[in-house]
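Me: I have just opened a structure and would like to learn how to read it step by step. Could we begin with a single residue and then move outward to the whole chain?

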Amino acid sequence: QLQLVESGGASVQPGGSLRLACTASMFIANPIVWFRQAPGKEREVISCIGITTHYADSVKGRFTISRDNARRTVYLQMNGLKPDDTARYHCAASKLSLCSLDPGSFDHWGVGTQVTVSS
């Protein structure tokens with residue numbers, strides 16, 4: 001059964017950087033998405049990697065998604081972090097063959113890793 005494990009979350013100051021990792025228990029051919037969930041806020045899908053990469057407007061230009069198939073790992077490099085980026089970050093396997101930022105396009109997500117941005 002597919003398992004996804006996120007890591008790399010931490011508490012950082014505004015303007016700081018983090019690199020999150022999502023490691024799968026098996027190779028996944030479908031795209032991988034990152035989404036985040038903050039208390040009292042709706043789930044936000046922020047990035048997807050498949051044949052192409054996609055980003056939500058809220059993170060475009062600051063976050064970079066990449067994939068290392070040999071390590072079965074997808075990374076999310078986050079630069080210029082803001083307090084609004086505070087959330088629990090999850091990765092998920094898309095149900096689709098092409099990337100989508102639609103919240104209904106994926107299943108099988110991990111328990112997440114917490115990112116807190118504050119001074």
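**Reading one residue, then the chain**

Reply: Ser 47 counts as buried, because its relative accessibility is 1% and the cut-off for buried is under 20%. Please keep in mind throughout that this is a predicted model.

Me: In which strand is Ser 47 found, and which residues does Ser 47 touch?

Reply: To place a residue, one looks up its element and then its contacts. Ser 47 belongs to strand β5, which covers residues 44-49. When residues up to four places away in sequence are not counted, Ser 47 touches Ile 32, Val 33, Trp 34, His 54, Tyr 55, Ile 65, Leu 76 and Leu 101. One of these partners, His 54, also offers its backbone oxygen, which the side chain of Ser 47 reaches at 3.1 Å.

Me: Is His 108 buried, partly exposed or exposed?

Reply: The way to decide is to compare the relative accessibility with two cut-offs, since buried means under 20% and exposed means over 50%. His 108 has 42% relative accessibility, so this residue counts as partly exposed. His 108 lies in strand β10, residues 106-109, and its side chain is joined to that of Asp 107 by a polar contact of 3.2 Å. With neighbours within four places in sequence left aside, His 108 is in contact with Leu 2, Leu 4, Cys 91, Ala 92 and Ala 93.

Me: How far apart are His 108 and Asp 57 in sequence and in space?

Reply: Separation can be read in two ways, along the chain and through space. His 108 and Asp 57 are 51 residues apart in sequence, while their C-alpha atoms are 24 Å apart in space.

Me: How many helices and strands does the chain have?

Reply: Here one goes through the elements from one end to the other. The chain has zero helices and eleven strands, so that, from the N terminus on, every element in the run is β.

Me: Why does the radius of gyration of the chain agree with a compact globule?

Reply: The idea is to set the value for the chain beside the value expected for its length. A compact globule of 119 residues would have a radius of gyration near 14 Å, and the chain agrees with this because its own value is 13 Å. Along its principal axes, the C-alpha trace spans about 40 × 25 × 25 Å. Of the 119 residues, 45% count as buried, and among contacts between residues at least 6 apart in sequence, 59% join residues at least 24 apart.

Methods
Residues numbered from 1 in each chain as written. Predicted model: local features only at pLDDT ≥ 70, side-chain atom pairs only at ≥ 80, totals over all residues. Heavy atoms only, no water. Helix = DSSP H or I, 4+ residues; strand = E, 2+ residues; numbered from the N terminus. Rg over C-alpha atoms; globule rule 2.2 N^0.38 Å. Buried < 20%, exposed > 50% of the residue type's maximum accessible area, 1.4 Å probe, protein only. Contact = heavy atoms within 4.5 Å. Polar contact = N/O pair within 3.5 Å; in protein donor to acceptor, adjacent residues only side chain to side chain.
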